[in-house]
Amino acid sequence: MLLFNWICIVLLMIPLIMSVLYVWAQLNRDMIVSFWFGTRFKACYLPWVILGFNYIIGGSIVNELIGNLVGHLYFFLMFKYPMDLGGRAFLSTPQFLYRFFPSRRGGVSGFGVPPPSRRPVAQDQGGAGGGRHNWGQGFRLGDE
């Protein structure tokens, strides 16, 4: 059992990660991302840069290529074909998943957006954002 699970995870995990990364990169195409040694480029190139980097260091690129192709197929069928080309939507979330995981919004802030502060502004700051807080006088070392 452990050997079977290990083989499945090793064979299927990289394509799964790469397909999710591919879809994210296509949805955030113009975002600038950083890779090793500070190289910066648009996010739409990230899956291909990772594939090329893995090829350069001598690894097999089959898993990355499969992940990119599956991600491209999903992105095309979910977004490109129905929205840009006016075609039929072939993929949709099954209704039983909405029963288990409702798509309600609220209660949690979005990714990358800090939640609004619930603390009132201190009087000594005056709302100017001075960044100072009245911590008190404290005690000097050696005093009793």
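A residue counts as buried when its relative accessible area is under 20%. In the predicted model, Gln 26 meets this criterion, because its relative accessibility is 10%. Gln 26 is found in helix 1. Leaving aside residues up to four places away in sequence, Gln 26 touches Cys 44 and Phe 75.

The chain contains 4 helices and 2 strands. Their order from the N terminus is α-β-β-α-α-α. Of the 144 residues, 15% count as buried. The exposed surface of the chain amounts to about 12,600 Å². Carbon and sulfur atoms supply 64% of that surface. Among contacts with a separation of 6 or more, 32% join residues 24 or more positions apart.

Helix 1 spans residues 2-27. Ile 7 lies in this helix. With a relative accessible area of 37%, Ile 7 is partly exposed. Ile 7 also contributes to a nonpolar surface patch of about 620 Å². The other members of the patch are Leu 3, Trp 6, Val 10, Leu 11 and Leu 12. Helix 1 thus offers two contrasting residues, because Ile 7 is partly exposed at 37%, whereas Gln 26 is buried at 10%.

An unreviewed UniProt entry lists residues 7-25 and 45-77 under "transmembrane region". Ile 7 is the residue at which the former of these record ranges begins. In the model, the span 45-77 is 82% helix and 0% strand. The C-alpha atoms at its two ends lie 20 Å apart. Phe 75, one of the residues touched by Gln 26, has a number inside this annotated range.

Helix 2 covers residues 46-56. Its buried residues are Leu 46, Pro 47, Leu 51 and Asn 54. Viewed down the helix axis, these residues fall within an arc of 145°, so they line one face of helix 2. An α-helix has 3.6 residues a turn, so residues three or four places apart point the same way. The face of helix 2 turned away from the buried side carries Tyr 55 and Ile 56, which are exposed. Gly 58 follows helix 2. The phi angle of Gly 58 is positive, near 95°.

Technical notes. Residues numbered from 1 in each chain as written. Predicted model: local features only at pLDDT ≥ 70, side-chain atom pairs only at ≥ 80, totals over all residues. Heavy atoms only, no water. Patch = residues over 30% accessible without salt bridge, like charges linked within 9 Å, V, L, I, M, F, W, Y side chains within 5 Å. Areas by Shrake-Rupley, 256 points an atom, 1.4 Å probe, with all protein chains shown as cover. Salt bridge = Lys/Arg side-chain N within 4 Å of Asp/Glu carboxyl O. Buried < 20%, exposed > 50% of the residue type's maximum accessible area, 1.4 Å probe, protein only. UniProt positions renumbered as here; feature names shortened; annotations may be inferred. Contact = heavy atoms within 4.5 Å. Arc of directions from axis to C-beta.
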